[in-house]
Amino acid sequence: MIVSEKTEEQLLEQIQRIEPFVGNTPLFPINNAFQKPGIKIYAKLEWQQLGGSVKARPAFNIMKNAIINGQLNKERHLLDASSGNTAIAYAAIGAALGIPVTICLPENASEERKILLRAHGAHIVYTSKFGSTDEAQEKALELFNENPDKYFYADQYGNENNWQAHYNTTAFEIFKQTESRISHFVTGLGTTGSFVGNSRRLKELNPDIQLISLEPDSALHGLEGWKHLETAKVPRIYDATIANENLEIDTSEAYFWVKKVAQTEGILISPSAGANLAGAIKVAQELDEGVIVTLFPDNADKYGEVLNQLF
Ligand SMILES: Cc1ncc(COP(=O)(O)O)c(C=O)c1O
C-alpha cells in the first residue's frame with residue numbers, strides 16, 4: 001500500500017472515531033423560566049459536543065465530505081470565514097484529525113474565542129471589526145484565489161453540507177426526542193444552516209409543523225452568530241420560501257432570558273440561545289397548545305463581557 005493511501009485510510013478511521021461526539025445532544029425542557037398550560041418548550045443543548053457549539057454538526061459534515069472527496073487532507077488547509085463558533089469547531093475537529101485550519105476572523109471577536117482557536121492550533125487571519133463576517137468572507141475568498149492549491153475553501157455560507165448536517169442529524173433527534181409531538185420549530189438565522197436543514201426535514205416528517213425563523217431587530221445587535229438579512233450579505237444556502245413566519249428579537253430581550261434561565265433552570269446560556277428562547281416564548285404566547293422546540297447553540301463560556309454586564 002502506498003503511503004498516501006494509508007494516510008487517507010487513517011483519516012477515515014479517525015473520522016469514525018470522533019463522529020459519536022458530534023450531535024446526539026440532550027433536549028432540555030423549559031420548566032420554570034416560562035409556564036403556560038397546554039404548552040411545552042424544549043431546547044437542544046447544542047454545546048454538548050466537540051468544539052462546544054451547534055457548529056460541530058456543519059463543521060464535521062463539511063470536513064468529512066471534503067476528505068472523502070479528496071479536497072481536504074493533512075497537507076491542504078481548511079480555509080473559512082467565521083465569527084467564532086464554526087471556526088472553533090473546525091479547529092477542534094482539525095486538531096483531532098491532524099488537519100491544518102486557517103480562519104478569517106473579524107478582529108473584534110471575543111478574547112475567549114481567540115484563545116480557543118489558538119489552543120487548537122488554528123492559523124488566524126484578522127479582518128476589520130467594521131466589516132463583520134461579510135469582510136471576513138471576502139478575505140477568505142481572496143486568500144483562496146491567490147493560492148488555490150494550498151486551501152480547501154469550506155465556504156459555510158454556501159456549502160450544502162452545512163444545512164444537510166441538520167437535515168441528517170438534528171431534525172431526526174428532535175423528532176425522536178419529542179416522540180413525534182413537535183408542533184413548532186423556532187430558531188435564529190446566521191449562516192441559516194440550522195433553520196434551513198431542520199425545517200426541510202421536519203416538514204417532510206410532518207407537514208403540519210410550523211417553522212418560525214428569527215432575526216435581530218436591527219443591523220447593530222449583540223446576538224453573536226445571527227445575521228440581519230435586510231442589511232447583511234444573504235447566505236447562498238438560505239431559502240426564503242421555508243418559514244411560515246419570521247420574528248424579530250431585540251438583544252435586550254435575549255439578555256432578559258439569559259438571566260431568567262440562569263436563575264430558574266440552572267444553565268447559563270449564550271445571547272443567541274436567549275434570543276431563541278425569546279422567539280419560542282413569543283410563539284407560545286399566541287398558542288393554546290403546542291410543543292415548541294428551539295436550539296441553544298452554545299453556552300455562556302465565551303461571553304465573559306456580556307456576563308459581566310448582566311450579573
Ligand atoms: C452562537 C450562534 N448562534 C446561532 C448561530 C446561527 O446558526 P446558523 O449558522 O446555523 O444559522 C450561530 C452560527 O454561527 C452561532 O454561532
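**Exercise 1.** State into which domains the protein is divided, and describe how they meet.

*Solution.* The protein in this predicted model is divided into domain 1, made of 3–49 + 166–310, and domain 2, which covers 56–153. Next, take the centres over C-alpha atoms: those of domain 1 and domain 2 are separated by 22 Å. Then look at the contact, where 29 residues of domain 1 touch 23 residues of domain 2. Between them the two domains bury about 2100 Å², with 59% of it on carbon and sulfur atoms. Finally, Leu11, Ile15 and Lys302 supply 30% of the area that domain 1 buries against domain 2, more than any other three residues.

**Exercise 2.** Work out the strand order of the open sheet and find its edge strands.

*Solution.* The open sheet has 6 strands in the order E1-E2-E10-E7-E8-E9, and the pairing is mixed. Strand E1 (27–29) and strand E9 (245–249) each pair on one side only, and these are the edge strands. From one strand to the next the twist averages 25°. As one pair, take E7 (residues 184–188) and E10 (residues 290–296): they run in the parallel sense, paired over 3 bridges. Within E10, threonine 294 stands opposite valine 186.

**Exercise 3.** Classify the packing of helix H8 against helix H9.

*Solution.* Helix H8 (residues 251–264) packs on helix H9 (residues 271–285) at an angle of about 95°, and their axes are 7 Å apart. Angles of 65 to 115 degrees count as roughly perpendicular, so H8 is roughly perpendicular to H9. The residues in contact include Trp257 and Val261 of H8, and Leu277 and Ile281 of H9. Sorted by class, this contact has 10 nonpolar, 1 polar and 2 charged residues.

Methods. Residues are numbered from 1 along each chain as its sequence is written. This is a predicted model: local features need pLDDT of at least 70, side-chain atom pairs count only at pLDDT 80 or more; totals for chains, interfaces and linings use all residues. Side-chain values use heavy atoms; hydrogens and water are left out. Two strands pair if DSSP finds at least two bridges between them. Helices (H or I, at least four residues) and strands (E, at least two) are DSSP runs, numbered from the N terminus. Axes are lines fitted to C-alpha atoms, for helices over the stretch in contact, and angles run from 0 to 180 degrees between N-to-C directions. Angles under 35 degrees count as roughly parallel, over 145 as roughly antiparallel, 65 to 115 as roughly perpendicular and the rest as oblique. Contact means heavy atoms within 4.5 Å. Ala, Val, Leu, Ile, Met, Phe, Trp, Tyr, Cys and Pro count as nonpolar, Asp, Glu, Lys and Arg as charged, and the others, Gly among them, as polar. Domain bounds come from an automatic or database domain assignment. Buried area is the accessible area (1.4 Å probe) that two parts lose on being put together, summed over both.
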